[in-house]
Amino acid sequence: MDYTRYSTLAITRRGEADAVLDIQMRAGNGKLPTAGHDGHRELAEIWRDVAADDSVRCAVLRGEGMGFSGGGDLAMVEQMTTDDAVRTRVWKEARDLVYNIVNCDKPIVSAMHGPAVGAGLVAGLLADISIASKSAKIVDGHTRLGVAAGDHAAIVWPLLCGMAKAKYHLLLCEPLSGEEAERIGLVSLAVDEADLLPRAYALADRLAAGSQSAIRFTKYALNNWLRQAGPTFDASLALEFMGFAGPDVREGIASLRERRAPRFP
């Protein structure tokens, strides 16, 4: 498998027999990984390669720089509001990102530090074992932008933390620390930041050393809970992208650029 074709992901191998694939989202701006055109596409595609690579037994996903993920590139978001071809392509990628992770037979471990938002958060929370630093800041910011929370929330948040907590955090864009995310069941573990990568790698090594048929079959069966929610996810994603053609998202983008609260009509 040729992983050098990925420009926004730094991909290396580690562990016994190089069976663990270490996937780091690059911080192109030197601060946080952001999902522009290439980053969004590659984060959706990588899981097909992980599934197809017989030498990989587990994957670890992490961020670079000041945090795990900084959300979508605003220039791309603006294009989505005016260009139907771009909006349709990104919708397909957003759909594929979720289903490619759900259907990837290899176990995935995420290690989230600092801000965790946007497409990176999709992968971080859909990972089979999600680990956050206690000080991580997890935010689903869709309604703050003026669009529905559609890119993964409806398929997994109610299952992880319950409907009441899901609505509270998704409707209000209320941030969570990693510690609070563990308390409500949104992530598997919360650890001190110094322990984040060592813990993620240790768990990945355990998964890589385990019975691959047993682990993969168990993941497949458990993920049927997510597959059952597929129609709910599809509807939420369609509603999100319908919002990108509406008026509220333009105010949402302007408010982010001007660093102020949005004033929706």
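Which residue in S9 is the bridge partner of Ile138? In this predicted model, the partner is Leu176. This pair offers a friendly way into the sheet around it. Strand S8, which spans residues 137-138, pairs with S9 over two bridges, and the sense of that pairing is antiparallel. As general background, the strands of a sheet are paired through backbone hydrogen bonds, in either a parallel or an antiparallel arrangement.

Stepping back, S8 and S9 belong to an open sheet of four strands. Their order is S4-S6-S8-S9, and the pairing is mixed. At the edges sit strand S4 (69-70) and strand S9 (176-177), each of which pairs on one side only. Helix H4, made of residues 118-126, packs on this sheet and touches S4, S6 (115-117) and S8. The direction of helix H4 makes about 90° with that of S6.

Two individual residues can now be looked at in turn. Arg260 is located in the segment after helix H13 (248-257). Its relative accessibility is 19%, and because buried means under 20%, Arg260 counts as buried. The side chain of Arg260 is joined to that of Glu258 by a polar contact of 2.5 Å. Leaving aside residues up to four places away in sequence, Arg260 touches Arg144, Glu251, Ala254 and Ser255.

Lys167 lies in helix H7, which covers residues 163-172. Is Lys167 buried or exposed? With a relative accessible area of 47%, Lys167 is partly exposed. Between Lys167 and Glu179 there are 19 Å in space, C-alpha to C-alpha, and the two are 12 residues apart in sequence.

Definitions and conventions
Residues numbered from 1 in each chain as written. Predicted model: local features only at pLDDT ≥ 70, side-chain atom pairs only at ≥ 80, totals over all residues. Heavy atoms only, no water. Pairing = 2+ DSSP bridges. Contact = heavy atoms within 4.5 Å. Axes fitted to C-alpha atoms, helices over the stretch in contact; angles between N-to-C directions. Buried < 20%, exposed > 50% of the residue type's maximum accessible area, 1.4 Å probe, protein only. Polar contact = N/O pair within 3.5 Å; in protein donor to acceptor, adjacent residues only side chain to side chain.
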